[in-house]
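Please walk through the strand pairing in the structure below, beginning with one strand and its neighbours and then moving on to a sheet.

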Amino acid sequence: MPFLKLGLRPELVQAVERAGYQTPTPIQERAIPLALAGGDLLGCAQTGTGKTAGFVLPILQRLAGRRATSPRALILTPTRELAAQISESVKTYGALLPLKSTVIFGGVGYGPQELALRRGVDIVVATPGRLLDHLQRKTVRFDALEILVLDEADRMLDMGFIQDIRRIVAAVPAKRQTLMFSATMPPAIMKLAGEMLVRPTKVEVAPSATTVTDVSQIGHPVDHDRKRSLLVHLLKDDAMRRTIVFTRTKHGANHLTDHLERHGHTVTALHSNKSQPARAKALGDFRAGRARVLVATDIASRGIDVADVSHVVNFDLPNSYEDYVHRIGRTARAGATGCAISLISEPDRDLWRDVERMAKTPIQQQVVEGFEPTPGRARSSGDGGRRGARPRGSVPGRGDRGGSYSRRFGRPVSA
Ligand code: AMP
């Protein structure tokens with residue numbers, strides 16, 4: 001079905017065609033007509049499904065044709081990178097309409113944000129913390145708000161944004177359209193939906209496990225303390241053109257980045273201890289191909305949309321299957337194929353079993369020649385052999401907002 005059939009105006013159809021999209025994705029096909037009709041929507045979808053256009057296009061259509069002095073649409077999202085990406089999408093899809101938008105997030109100065117808000121915008125894309133600061137400083141008001149989007153709601157709750165969100169929602173008109181998207185629908189999300197949505201239509205697409213069918217997955221068993229050498233070895237393969245490597249901690253990410261650099265690789269790191277300009281630069285270098293490898297932690301990388309990622313490497317296994325799916329979903333974006341490699345040391349065994357159980361399929365395991373794991377060694381080797389032990393030298397830290405706490409494994413992680 002072409003975009004025109006969804007009831008979108010020609011300026012929007014033209015803009016998505018210019019972006020190279022030929023047909024709407026399943027979430028777009030379902031969400032766009034519903035959102036255009038004005039009702040509340042609860043979408044179960046994750047990044048990679050095209051959900052951004054699913055809510056941005058109807059917003060642009062509903063706001064087009066009228067101007068206002070204060071924002072009429074607000075999109076809340078958990079991370080700065082996601083906010084920046086959504087803001088780009090708003091600009092791309094809205095290029096042929098006279099609507100103004102701005103993006104608000106922490107880690108950068110207030111001045112330019114205040115100026116943009118003062119000049120007047122139709123659409124605000126924001127992370128909750130900084131937006132709340134603006135509300136408290138009275139540099140923004142939402143008296144005229146018509147549409148509220150809560151994007152990646154489960155992650156916003158994980159990151160401890162719930163109180164900020166409640167305060168923001170209390171500052172917007174009760175009579176509004178609310179669109180909420182979440183990759184998972186745990187009870188806390190259903191409760192939030194019950195508070196914030198009115199008779200929502202539920203739209204569900206491709207649950208986690210089916211979104212990643214285009215990713216070939218493999219596990220390499222290896223001794224914990226040889227993971228770094230194995231990665232250097234794997235990177236000799238030119239097929240790993242554009243690779244994201246995930247570590248569990250910021251410290252681990254820095255450490256690994258130094259190691260890969262020493263071995264002659266162009267590497268950049270992305271985690272929440274970096275300043276916003278440094279994060280933007282890291283992502284920019286990776287996107288532009290100036291760095292072949294991006295070393296990242298989970299929170300900082302949520303929703304990163306870089307085209308043409310050839311490989312994702314789980315240097316450390318993630319704490320939940322949900323994160324596993326999110327990570328490997330960074331490759332194989334929008335129909336491309338990709339490859340996900342997990343380095344499995346003895347301490348990772350329990351997590352790996354969980355991944356396989358949740359994936360409902362055994363994932364191929366292959367020992368790499370020269371990196372055979374030492375039998376029966378790791379559990380007593382003091383290399384983090386206890387399940388849940390922090391890698392040596394890592395410090396417990398805070399994520400963007402106090403880190404996240406894995407629901408499935410109950411372990412605090414710092415990203
Ligand atoms: P999202 O899930 O919104 O993060 O989108 C994932 C990726 O799919 C982004 O790179 C979009 O540019 C791309 N995309 C979104 N909609 C479509 C579409 N209808 N056809 C092809 N690609 C799309």
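Leu 41 stands opposite Thr 201 in strand 7. The model in which this pairing appears is predicted. Strand 7 covers residues 201-204, and four bridges connect it in the parallel sense to strand 1. Strand 1 also pairs with strand 6, residues 177-182, again parallel and over four bridges. There the bridge partner of Leu 41 is Leu 179 of strand 6. Leu 41 thus has a partner in strand 6 and one in strand 7.

In general, strands of a sheet pair through backbone hydrogen bonds, either parallel or antiparallel. The side chains are a separate matter, because in a regular strand they alternate between the two faces of the sheet. Strand 1, residues 41-44, can be read in this way: Leu 41 and Gly 43 point one way, while Leu 42 and Cys 44 point the other way. All of these residues are buried, that is, under 20% relative accessible area.

Now to the sheet that includes strand 8. Seven strands form an open sheet with parallel pairing, and their order is 10-11-9-12-13-8-14. Its edges are strand 10 (267-270) and strand 14 (364-365), each of which pairs on one side only. Strand 14 runs parallel to strand 8 (residues 215-221), and two bridges join them. In one pairing, Ile 218 has Gln 364 of strand 14 as its bridge partner.

Helix 11, residues 227-234, packs on this sheet. Helix 11 touches strand 8, strand 9 (243-246), strand 12 (311-314) and strand 13 (338-344). The direction of helix 11 makes about 155° with that of strand 13.

Terms used
Residues are numbered from 1 along each chain as its sequence is written. This is a predicted model: local features need pLDDT of at least 70, side-chain atom pairs count only at pLDDT 80 or more; totals for chains, interfaces and linings use all residues. Side-chain values use heavy atoms; hydrogens and water are left out. Two strands pair if DSSP finds at least two bridges between them. Contact means heavy atoms within 4.5 Å. Axes are lines fitted to C-alpha atoms, for helices over the stretch in contact, and angles run from 0 to 180 degrees between N-to-C directions. Buried means under 20% relative accessible area, exposed over 50%, partly exposed in between (1.4 Å probe, protein chains only).
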